[in-house]
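Visitor: I am new to this structure and would like to be shown around. Could we begin with one residue and work outwards from there?

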Amino acid sequence: MKSEQAKRRFFSRQQMVDALRIYRFILPYKWQFTVGMICLVISTGVVSFIPGGFGNLIDAAIPAKDVIDKTAQVLNSDAEATLKLTQITGLVQSYKEQIHPEKLKEIGFLLGAILLIQAVLSFFRIYLFEYVSQHAMAAIRRELYEKIITLPIYFFEENRVGNLTSRISSDVSQLQDALSNQLAFFVRQLVLPLVCIPILLTVSVKLTLIILGIMPLLIVSAVLFGRFIRKISRKAQDELAESNTIVEETFQAADVVKAFTNEAYETRRYAGINLNVANIGMTAAKYRAGFVSFIIFVMFGAIVGLVYAGLNEVASSNMSMGDLIKFFLLTIFIGSSLAGLSESYSVLQKTIGASERINEILGEKSETKTADEQQSVTIKGNVEFRDVHFAYPSRPDTELFTGLSFSVDAGRKIALVGPSGSGKSTIIKLLSGLYPFSSGDILIDGKSIREYNITALRKNFGTVPQDTILFGGTIRENIAYGKTNATEEEIMNAARKANAFDFINTFPEKFDTVVGERGVKLSGGQKQRIAIARAILRNPKILILDEATSALDSESEKLVKDALNELMKNRTTFIIAHRLSTIREADLILVINKGKIVEFGTHSELSEMENGLYSNLLRLQYELE
């Protein structure tokens with residue numbers, strides 16, 4: 001992560017390079033982007049010819065200054081009236097020749113052609129930029145999602161879901177807006193002055209120097225303003241991400257919010273964050289309003305000065321009225337470009353901030369690759385922990401395991417028992433490769449798990465957790481999550497074995513019933529049986545049961561236990577147990593306390609140990625029951 005000092009600094013060359021790295025996604029569409037950019041530059045250049053056309057049109061329709069002067073001289077001369085009339089008639093004829101209809105048509109046709117070319121080029125520029133933007137941003141979203149979903153589990157423990165979703169939504173949308181709209185505006189605002197200023201010099205060097213004297217003031221002001229607004233914009237983005245986090249968490253845990261009647265509290269919490277966002281936005285608006293007012297004052301002051309100086313030039317016959325109009329229109333083009341430059345600069349600042357945050361995530365090291373999906377490995381299920389040392393990444397100085405060792409033969413059932421926080425679930429997470437251990441080794445079939453492709457290895461695992469999480473699709477989709485290419489018959493059989501088939505068929509839509517967000521439409525026991533069916537369909541070599549029957553009623557528990565007993569045959573099974581009555585048939589029970597194996601043996605062996613931790617836990621449970 002970059003330091004706050006680096007974030008506050010006016011973006012450096014390295015920051016620009018880092019930000020532009022995100023636009024590598026444009027490369028597959030480089031030709032469309034190049035053609036769009038060419039259309040943008042040409043259309044910007046074409047626009048600069050419009051003031052000249054209007055100026056020529058006005059000069060063609062208004063008598064030239066010399067005609068007016070000569071007419072005044074004739075009228076003031078001492079010549080006879082007949083001679084004056086003849087001379088004025090000649091001047092009028094000269095004026096008529098200057099405004100010949102064909103000349104006006106020619107200029108009008110030229111202006112129409114310029115506008116048509118401008119319209120065609122603008123159409124292709126908008127279409128091509130949007131094409132590149134839509135496809136490139138879709139690729140960024142896909143890669144960003146793929147990166148996040150393949151990161152280690154501890155990444156999700158250190159980063160809130162709302163912040164991650166904000167990266168995919170608001171930050172990518174910021175990049176898309178910059179590419180499809182703001183990039184075109186920014187290029188036009190840079191190119192238009194470069195094209196118009198040389199034309200201004202051909203009209204009036206004196207007036208052009210006045211414009212050039214004002215431009216540095218505007219540019220420096222824009223840079224200073226943009227530098228300040230960047231800090232405010234980043235803070236606003238962070239606060240917005242925080243508000244998204246609150247929404248995400250409270251919507252996902254709506255039942256908890258309602259159970260504790262905290263609707264008002266959460267509303268106040270969300271309103272507080274929203275108020276912070278609004279206050280930051282108002283601070284930005286205040287400075288933006290002040291800057292725009294300053295620009296308007298300077299620009300209109302410059303226009304008044306130019307009008308005065310320009311009319312003096314016309315009165316002195318140094319330029320025509322058409323040239324003056326041409327000069328003013330070109331000046332307006334330049335002024336609007338400079339005025340919009342500050343807004344584009346602030347958008348550029350936001351874009352750099354968004355790209356920095358996206359690059360930070362894309363720079364994280366994935367633990368898996370989606371390309372590994374096709375890889376597979378066949379294992380028997382022998383497991384050995386050999387002198388394993390482990391500390392959680394969030395607490396690196398506090399080791400949970402300091403030399404954990406045990407072994408399990410393939411096809412055996414091993415139960416992990418102990419107080420909460422003793423390390424039972426952590427053993428399973430280490431076995432699944434969810435966390436890296438610092439020293440020692442974990443072997444499967446005599447081979448270190450570090451030598452396996454982690455995706456291929458995990459295909460041999462099946463899990464039934466205590467807190468079942470279902471996706472918001474149908475029952476069929478949730479069961480098939482254990483094997484995405486499963487046939488209809490396999491899904492039905494898995495549901496039967498998990499004692500889920502009968503209750504599923506009581507729903508009007510049966511297997512097509514939508515379970516809702518996180519399975520809210522199902523009871524706890526129903527969700528647990530869906531999870532069991534998912535594990536059955538997985539047909540794993542290593543089965544993990546995290547108190548898999550805890551949410552079942554007494555009637556369903558026996559049927560599901562029978563299904564699990566059938567499923568556990570010839571599979572290495574790890575059972576995390578809180579209810580000790582569920583592990584009587586385990587081949588080996590490991591009693592864990594404070595990261596150490598303090599007892600091991602069968603249920604009968606451990607229950608006979610006087611003052612043993614297992615026997616004490618067993619006695620306590622019987623007393624509570």
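**A guided conversation**

Guide: Let us begin with R386, which counts as partly exposed at 44% relative accessibility. Please keep in mind that this is a predicted model.

Visitor: Which residue does R386 form a salt bridge with?

Guide: The partner is E384, and the closest N and O atoms of the pair are 3.3 Å apart. E384 counts as partly exposed, at 27% relative accessibility.

Visitor: And how many salt bridges does the structure hold?

Guide: It holds 6 salt bridges. In general, side chains of opposite charge can pair when their charged atoms come close.

Visitor: Which parts of the chain does the pair of D587 and R412 link?

Guide: D587 and R412 form a salt bridge with their closest N and O atoms 3.4 Å apart. This pair links distant parts of the chain, with D587 in the loop between β8 and β9 and R412 in the loop between β2 and β3, 175 residues apart. D587 is partly exposed at 27% relative accessibility, and R412 is partly exposed with a relative accessible area of 37%.

Visitor: Where do E146 and R142 lie?

Guide: Both lie in helix α7, residues 101-149, and they are 4 residues apart, about one turn of the helix. Their side chains meet in a salt bridge of 2.7 Å, N to O. E146 is partly exposed, with a relative accessible area of 21%.

Visitor: Which residues are linked in a network?

Guide: R476, E488 and D512 are linked in a network of salt bridges.

Visitor: What about D546, does it sit buried or exposed?

Guide: D546 is buried yet has no salt bridge. The nearest side chain of opposite charge is K424, 7.9 Å away. A salt bridge requires the nitrogen and oxygen atoms to be within 4 Å, so a pair 7.9 Å apart does not count as one. D546 belongs to strand β7, residues 542-546. Leaving aside neighbours within four places in sequence, D546 is in contact with S425, V464, P465, Q466, I576 and H578.

Visitor: Changing topic: how many helices and strands are there?

Guide: The protein chain has 22 helices and 10 strands. Of its 625 residues, 44% count as buried. The chain exposes about 32,600 Å², and carbon and sulfur atoms supply 59% of that area.

Visitor: What share of the contacts join residues at least 24 apart?

Guide: Among contacts between residues at least 6 apart in sequence, the share is 77%. As one example of a distant pair, the C-alpha atoms of Y29 and L128 are separated by 9.5 Å, although these residues are 99 apart along the chain.

Visitor: Where is Y29 placed?

Guide: Y29 is in the loop between α2 and α3. Y29 counts as buried because its relative accessibility is 17%, under the 20% cut-off. Its contacts, beyond neighbours within four places in sequence, are Y131, V132, H135 and A136.

Visitor: Which residues have the most contacts inside the largest nonpolar core?

Guide: They are I479, I504, F511, I583, I589 and Y614, in a core of 43 residues. The largest share of this core, 7 residues, comes from α19. A second, separate core has 32 residues, including I379, Y392, V408 and I442.

Visitor: What does I583 touch?

Guide: Not counting residues up to four places away in sequence, I583 touches A415, V417, I575, A577, I589, H603 and Y614.

Visitor: How many residues of α19 are buried?

Guide: In α19, 13 of its 15 residues are buried, so the helix is mostly covered. At 1.5 Å a residue, α19 should span 21 Å, and its end C-alpha atoms are 21 Å apart, which agrees.

Visitor: What comes just after α19?

Guide: Just after α19, N539 takes a positive phi of about 50°. Most residues other than glycine have a negative phi. D387 has a positive phi of about 50° although it is not a glycine, and D387 lies in strand β1. D445, in the loop between β4 and β5, has a positive phi of about 55°.

Visitor: Finally, is T573 buried or exposed?

Guide: T573 is buried, with a relative accessible area of 0%. T573 is found in strand β8, residues 572-576. Beyond its neighbours within four places in sequence, T573 is in contact with R412, K413, I414, L543, L545 and M568.

Key:
Residues are numbered from 1 along each chain as its sequence is written. This is a predicted model: local features need pLDDT of at least 70, side-chain atom pairs count only at pLDDT 80 or more; totals for chains, interfaces and linings use all residues. Side-chain values use heavy atoms; hydrogens and water are left out. Helices (H or I, at least four residues) and strands (E, at least two) are DSSP runs, numbered from the N terminus. Buried means under 20% relative accessible area, exposed over 50%, partly exposed in between (1.4 Å probe, protein chains only). Contact means heavy atoms within 4.5 Å. Accessible areas come from the Shrake-Rupley method with a 1.4 Å probe; for residues, only the protein chains shown count as cover. The expected span of a helix is 1.5 Å times one less than its number of residues. Lys and Arg count as positive and Asp and Glu as negative; His and the chain ends are not counted. A nonpolar core is a set of buried Ala, Val, Leu, Ile, Met, Phe, Trp, Tyr and Cys residues joined through side-chain atoms within 4.5 Å.
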